[in-house]
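Colleague: Please take one strand of this model and go through its surroundings closely. After that, carry on through the other strands and the helices in one connected account.

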Amino acid sequence: MLLLLLLAACWGRGALPGSPPGPAVHSLRGSWWLGSGNGSVVLRGDVPGCVHTALFRQGLIQDPYYRFNDLTYRWISLDNWTYSRTFKTPFDVSKWQKVNLVFEGIDTVAQILINNVTVGRTDNMFNRYSFDITSVIKEVNFIEVHFLSAISYAAEQSRSHRAYSVPPQCPPPVQKGECHVNFIRKEQCSFSWDWGPSFPTQGIWKDVRIEAYNLCHLIYFTLTPSYVKSAQQWSLEVESVFDVVSSKPVVGLVTVNIPKLQTQQTYTTELPPGEGRIVLLVNINKSATVQTWWPSGHGNQTGYDMTTTFNMGAGYKIQKFSKAYFRTVELVEEPIPGSPGLSFYFRINGLPIFIKGSNWIPADSFQDRVSSDMLKRILQSTVDANMNALRVWGGGVYEQDEFYDICDELGIMIWQDFMFACALYPTDQNYLESVRAEVTHQVKRLKSHPCIILWSGNNENEAAIAGNWFAIPQDKMKVYILDYVKLYVKNIQEIVIAEDKSRPYITSSPTNGKESVKERWLSQNPYDTHYGDTHFYDYLSDCWNWTVYPKTRFASEYGFQSWPSFSTLEKVSSTEDWSYKSNFSLHRQHHAAGNNQMLHQAGLHFKLPQNADPLKLFKDTIYLTQVMQAQCIKAETEFYRRSRSEIINGEGHTMGSLYWQLNDIWQAPSWASLEYGGKWKMLHYFAQHFFAPLLPVGYEDDGVLYIYGVSDLHSDCELTLQATISQQGDLYAFVLQTTAVTPFVWLDVGNIQGRFNDNGFLMTEKRKVVVFYPWEPVSIEELEKSLSLTSLMDIY
């Protein structure tokens, strides 16, 4: 793991007499008391956790996902809950210069008291909070965390923003959600989304602890690689952020050692009082061969064990063990011969990489239910389907450390959105200060991970302004444009550039990239196929018709819905729900007209199920929606992959396909290829094939069949295919033999009339017999002379 919020101190002269050198750390994880606002409900609950899961585990409510419980249990989110507990301080407070109460994640609006003294307040789910409790902590302590309903807080913040409204006010009624989510720094989809329920949680959702230390304390430790082409040498930027409580500068030595790269360097350091930062540039030994980190399918995910030792005199010493990865990432936006606009693709370690994958949403409405096993299962399913990338979508959460650790290990590239989605946002001083703290923390926490290749400011907010989604009068639009630039450029971009120069930043998705910058950060058409990335949805046109799809530079969102399997739905429904038109089915569908759109799309190519048995009819309909979804996304993805190496009418050079979406947050119809819990839909099995490293893509255009060979391999692929012909009465047998798997084998006998019993097939066996039915008399010699045999590799 590259990045830890260290529970360790940095040492120097000037410690309190008799004080130990290291920090004292006491976790407050475990069992707390929870109480409702009026005290009528009191129960035990775990930290990390939230009120909903505490109530469920204590048997006070049913599974929140069962049937209509998202509405039944709305009262939980509307109440104001309090977490409390007593704890003993396991160290002598008098021996420490500073004692902090640290919340790695608190959800969301809360007042914190220790021994009846308010020590801090919180209003941001995504921030890390550290409160100085040196003057109030005792041997035995009582801690209280008074939460305010996120729904009530968001509504009050909206009301108090009197200068002008900040839309949208509420989600569409079909989502059964809550209002004003853009006024609270909280998981945006927790107020509902078109694929998810409304569960605005309250709780301590990450680690909480007491930290005591003297002199200075190490808070962040990050590693950032870079490669200097002129010197042909790798270097590693080692950044350490400290809280220095000493009244005098702390002086010492720092030694960095990477044994397998024969690299060891020692530095003299000095930290002034207050928040201090040490940035060390470690040059990797030129005689060492550095193995780079590669995305899945392109190489290994090599990392190097590294030890960083802080010696600050008087015997004070700490060793930090970490893993160093080396890779470069570039977002290439440059002119393309024969096309207006600019390219939009990623180079990893100097190699252009086609991005293949999907979009990640929160794996559960209740983050304490997202286990390590769940993350491993879903992320392993990602690479098992030949994906190399995921986009962490901006309406959810910055994922837990383990998510990024696993992506590092599996070679899954991450497009990381900041948590703003499908809305306009306020930019008053308090809001911006909270956002700046959030962004600073998240970039410091995550930037050591090689898997992250891009920071993106938001999801679809540039498009929301360009397309005037919220019907803002043109004479009022200027203030919202100024707010947009203030938030995503003058604040978030400014922080990202200051904190992390190792990877690119874009303000939005979709965006026109450099062209959006040229148009003062807001392009007139963020969906322009000649620039940047695009999102595209069309549920009415025939999805098998490739001409309806945009020939874009990068497809970062596209998709079609399907229903999850009956076995998944059965767990949260009852017998009367098992119909496509039941109240349950209508309630679970949060996308307007979604159920009808699926049937419409399926009906274009399939006969819709007709069965007298209602349950069989429901199961058959579920199956058909999955068939439809899989074929639709196959057609669209193959279109994007074959558009990689061509420019037609100025469009093309597509270098990324991230379909919407990978996973589900609950059991409901959605765009996901993995059901809630990780079960594969038919789409995910299809993804194994349409994301394969070597892909044959055939399509028809104007009466001509075209076959493309698409390869992500780093070397040429040569195959051999011979054929012999024998006569069997009036028929002719073509015996084909191949030395390797051969895609889209095509037999052609020119002007000789007749047909084959099979053609254009994927040959997976060494020998195959194909029969030719002639429509006129013909000889073997004529057939042999006219025969042409083509496979995908012949035109690659």
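Modeller: Ser84 stands opposite Glu144 of strand β10. This is a predicted model, and what follows should be read as such. The pairing behind that contact is antiparallel: seven bridges join β5 to β10, the latter covering residues 140-147. Strand β5 also pairs with β3 (residues 30-35), again in the antiparallel sense, over three bridges. In that pairing, Gly35 has Thr82 of β5 as its bridge partner. β5 itself spans residues 82-88, and five of its seven residues are buried, so the strand is largely enclosed by the rest of the structure. The cut-off for buried is under 20% relative accessible area.

Phe87 takes us from the strand to the nonpolar cores. The largest core has 124 residues, and the members touching the most others are Trp360, Ile414, Phe418 and Ile492. Phe87 is not in that set but in a second, separate core of 38 residues, which also includes Tyr73, Trp96 and Phe131. As a general point, nonpolar side chains in soluble globular proteins tend to be buried together.

Next to Tyr73 in sequence comes Thr72, which lies in helix α2 (residues 69-72). With a relative accessible area of 47%, Thr72 is partly exposed. Its C-alpha atom is 24 Å from that of Ala593, although the two residues are 521 apart along the chain.

Phe131 belongs to the second core, and its number falls within β9 (129-132), an edge strand. The sheet in question is open and has four strands in the order β2-β13-β6-β9, paired antiparallel. Strands β2 (24-27) and β9 stand at the edges with a single partner strand each, so one side of each has no neighbour in the sheet. From one strand to the next, the twist averages 20 degrees. In the middle of that order, β6 (residues 98-103) and β13 (residues 208-213) run antiparallel and are joined by six bridges. Within this pair, Leu101 stands opposite Ile210 of β13.

Further along the chain there is another set of paired strands. β16 (residues 250-258) and β17 (residues 263-271) pair in the antiparallel sense over nine bridges. Val250 has Leu271 of β17 as its bridge partner. The two strands form a hairpin with four residues between them, where Gln262 takes a positive phi near 45 degrees. β16 also has a link to β19 (residues 303-311), with five bridges and an antiparallel run. There, Val256 has Thr308 of β19 as its bridge partner.

Now the helices, starting from Trp360 of the largest core. Neighbours within four places in sequence aside, Trp360 is in contact with residues including Leu375, Ile378, Leu379, Leu390, Trp393, Phe403 and Leu662. The list of its contacts also has polar and charged entries, among them Arg391, Glu399 and Asn663.

Leu375, Leu379 and Phe403 reappear where two helices meet. α5 (residues 372-384) and α6 (residues 401-410) pack at an angle of about 35 degrees, with their axes 10 Å apart. The crossing of α5 over α6 is right-handed. On the α5 side the contact is made by Ser372, Leu375, Lys376, Leu379, Gln380 and Val383, and on the α6 side by Glu402, Phe403, Ile406, Cys407 and Leu410.

Ile492, another of the core residues with the most contacts to other members, takes part in a second helix pair. α7 (residues 429-446) and α9 (residues 477-499) pack at about 30 degrees, and their axes are 10 Å apart. They are therefore roughly parallel to each other, since angles under 35 degrees count as such. Their crossing is right-handed. α7 contributes Leu432, Val435, Arg436, Val439, Thr440, Val443 and Lys444 to the contact, while the residues from α9 include Leu487, Asn491, Ile492, Ile495, Val496 and Glu499.

Last is His600, which sits in helix α13 (residues 594-603). His600 is partly exposed, with a relative accessible area of 32%. Residues up to four places away in sequence not counted, His600 touches Tyr539 and Leu540. From Asn359, His600 is 241 residues away in sequence and 25 Å away in space, C-alpha to C-alpha.

Methods: Residues numbered from 1 in each chain as written. Predicted model: local features only at pLDDT ≥ 70, side-chain atom pairs only at ≥ 80, totals over all residues. Heavy atoms only, no water. Core = buried A, V, L, I, M, F, W, Y, C linked by side-chain atoms within 4.5 Å. Buried < 20%, exposed > 50% of the residue type's maximum accessible area, 1.4 Å probe, protein only. Contact = heavy atoms within 4.5 Å. Pairing = 2+ DSSP bridges. Axes fitted to C-alpha atoms, helices over the stretch in contact; angles between N-to-C directions. Parallel < 35°, antiparallel > 145°, perpendicular 65-115°, else oblique. Left-handed = near helix turned anticlockwise from the far one by under 90°.
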